[in-house]
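Hi,

Here is the structure I promised to send over. Have a look at it first, and my notes follow underneath.

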Amino acid sequence: MPAYASHSIDYAIQQLGGRIHEERRRQGLTLQELAARSSISISRLSQIENGHHVLDAVQADAIAEAFGMSLEAFLPADVTIPYVLSRDSEVRSAPITDPSVESALLQEGEQSWPLAERFIGRHLEPLLTRLDPGSDRFVYHHEHEFTFVLQGAIEFTIKTPSGVVREELHRGDCLHFRSSLPHRLRAHGGEPAECIQVISSGATPLSPGQDWRLAGFFTEGDSEDGRAQVIGRELGALRESRGWTTEQVARMVGLKDRQIEQIEAGTRRLPLDVMIRLARAFGKPLREFLRDTRNAGPHYFVQRSSEMPALAARQRRMPTDRAHAPTPNVFYPLASGFATRHMYPYLIRVRNVDTETLARHEHHGEEFMYVLEGQLEVTTYAEEKKVTEILRPGDSCYIDASVPHFVRGVTRSPYSQISAEVLDVFWCPLGETYLFAD
Ligand SMILES: [Fe+2]
Ligand SMILES: [Fe+2]
């Protein structure tokens with residue numbers, strides 16, 4: 001998790017000037033060059049680097065962009081909380097008291113349980129959703145959504161720019177789509193249905209009444225005013241999705257009601273420490289407030305369970321010093337037909353092998369694992385403290401993948417080759433090719 005999840009916010013901010021200085025040096029840029037790229041004056045930049053000026057969100061975003069990096073990368077990380085677990089029984093028995101990010105999107109007769117609510121800064125929003133037949137309401141929100149049908153049948157309707165498309169999905173089928181297009185999921189065939197939904201970061205419903213076609217392709221961002229407006233709009237949409245008032249949000253971050261309204265209107269700068277407090281309150285990464293990254297490309301892709309046996313398995317990249325280690329698990333891509341995806345869903349057949357020292361690994365990003373079948377043993381080594389958890393069907397785990405970790409199937413049978421089937425969604429800032437060897 002990011003350091004702002006558990007350290008004082010000042011600590012994170014204090015480090016920022018030094019990190020900007022280091023990065024500028026690393027990229028071989030002069031203050032003049034950075035000033036030209038970021039539209040921030042040289043004297044202001046040097047104050048920022050020396051820690052004499054506290055950045056606001058607009059400046060921080062402009063500098064990060066000038067470096068070609070995400071703002072998150074400038075803030076220190078904290079690996080003392082490497083994962084959060086959700087047990088199936090606990091999830092289902094929990095009353096839905098804290099409406100999740102999707103609350104504004106829920107249709108009548110629909111229940112959704114957040115599966116990684118406690119993971120601050122998460123880039124993926126995994127939900128267990130129960131759908132009833134019925135609702136005619138269409139919803140839309142940022143970025144992409146992945147839906148895997150656990151039980152029953154689901155009718156999926158999406159309004160694409162080239163027309164309305166309808167698909168019927170059954171148990172084991174899955175779907176990856178641009179959720180900024182109006183879409184509707186409902187149970188089909190008279191029985192309730194259940195699915196796992198994962199929404200990639202930026203999952204912010206637009207304000208009711210906002211035109212999704214315009215909102216989907218806003219182009220501000222070059223001018224400072226434009227940036228402040230994007231930030232304001234993203235904050236407003238995120239706040240509304242939670243059903244929070246400006247007053248409630250103001251109280252959470254120590255501002256006045258009026259100030260939040262002005263930030264949302266783009267007429268007041270969002271101070272960076274407030275932005276970090278907001279990220280903490282919403283449990284979201286900072287980029288959630290900065291800009292929308294959706295692009296054109298396919299509108300949706302359906303992977304049928306009947307096609308799964310024909311899917312070509314992929315090989316995970318192994319550390320070079322372990323080139324000859326056995327690769328224990330088999331990865332089947334579930335959204336390969338959706339070329340512009342920025343989360344990577346896989347079905348993993350996890351083998352029962354005893355190669356802990358060889359298969360232990362770490363990588364950039366975050367990983368959501370949901371156990372479909374068998375037993376999964378997840379071991380993490382945060383600051384060399386080894387912790388092992390056993391997950392059963394319906395249990396899930398959201399993990400900071402930069403912490404060394406190791407997963408394997410557990411079975412009593414010494415002959416069993418495969419001992420767990422897991423739905424795994426990766427989020428990785430370096431893209432998918434970084435994770436796989438082929
Ligand atoms: Fe959705
Ligand atoms: Fe991993």
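To begin with the metal site: His363 is buried, and Glu367 is buried too. Both belong to the protein donors of the iron ion (ligand 2), along with His361 and His405. Please keep in mind that this is a predicted model.

The histidines each bind through NE2 and Glu367 through OE, with the donors lying 2.2 to 2.7 Å from the iron ion. Along the chain, their spacing reads H-x1-H-x3-E-x37-H. If you plan to look at the geometry, note that the angles among the four donor atoms run from 84 to 177 degrees, and the site is irregular. Four donors would count as tetrahedral only if all angles lay between 85 and 135 degrees.

Next, the cysteines. Searching the whole structure turned up zero disulfides. Cys195 has 0% relative accessibility, so it counts as buried. Cys428 is buried as well, at a relative accessible area of 4%; the cut-off for buried is under 20%.

Finally, a helix pair. Helix 8 covers residues 246-253 and helix 9 covers residues 257-265; they pack at an angle of about 105 degrees, and their axes are 8 Å apart. That angle makes helix 8 roughly perpendicular to helix 9. On the helix 8 side, the residues in contact are Thr246, Glu247, Val249, Ala250 and Val253. They meet Asp257, Ile260, Glu261 and Glu264 in helix 9.

Best wishes

Notes. Residues are numbered from 1 along each chain as its sequence is written. Chains are lettered from A and ligands numbered from 1 in the order in which they are written. This is a predicted model: local features need pLDDT of at least 70, side-chain atom pairs count only at pLDDT 80 or more; totals for chains, interfaces and linings use all residues. Side-chain values use heavy atoms; hydrogens and water are left out. Donors are N, O and S atoms within 2.8 Å of the metal (3.2 Å for Na, K and Ca); water is not among the atoms, so sites may look incomplete. Four donors count as tetrahedral if all angles lie between 85 and 135 degrees; four count as square planar and six as octahedral if opposite donors are over 155 degrees apart and all others between 65 and 115; anything else is irregular. Buried means under 20% relative accessible area, exposed over 50%, partly exposed in between (1.4 Å probe, protein chains only). A disulfide is a pair of cysteine sulfur atoms within 2.5 Å. Axes are lines fitted to C-alpha atoms, for helices over the stretch in contact, and angles run from 0 to 180 degrees between N-to-C directions. Helices (H or I, at least four residues) and strands (E, at least two) are DSSP runs, numbered from the N terminus. Angles under 35 degrees count as roughly parallel, over 145 as roughly antiparallel, 65 to 115 as roughly perpendicular and the rest as oblique. Contact means heavy atoms within 4.5 Å.
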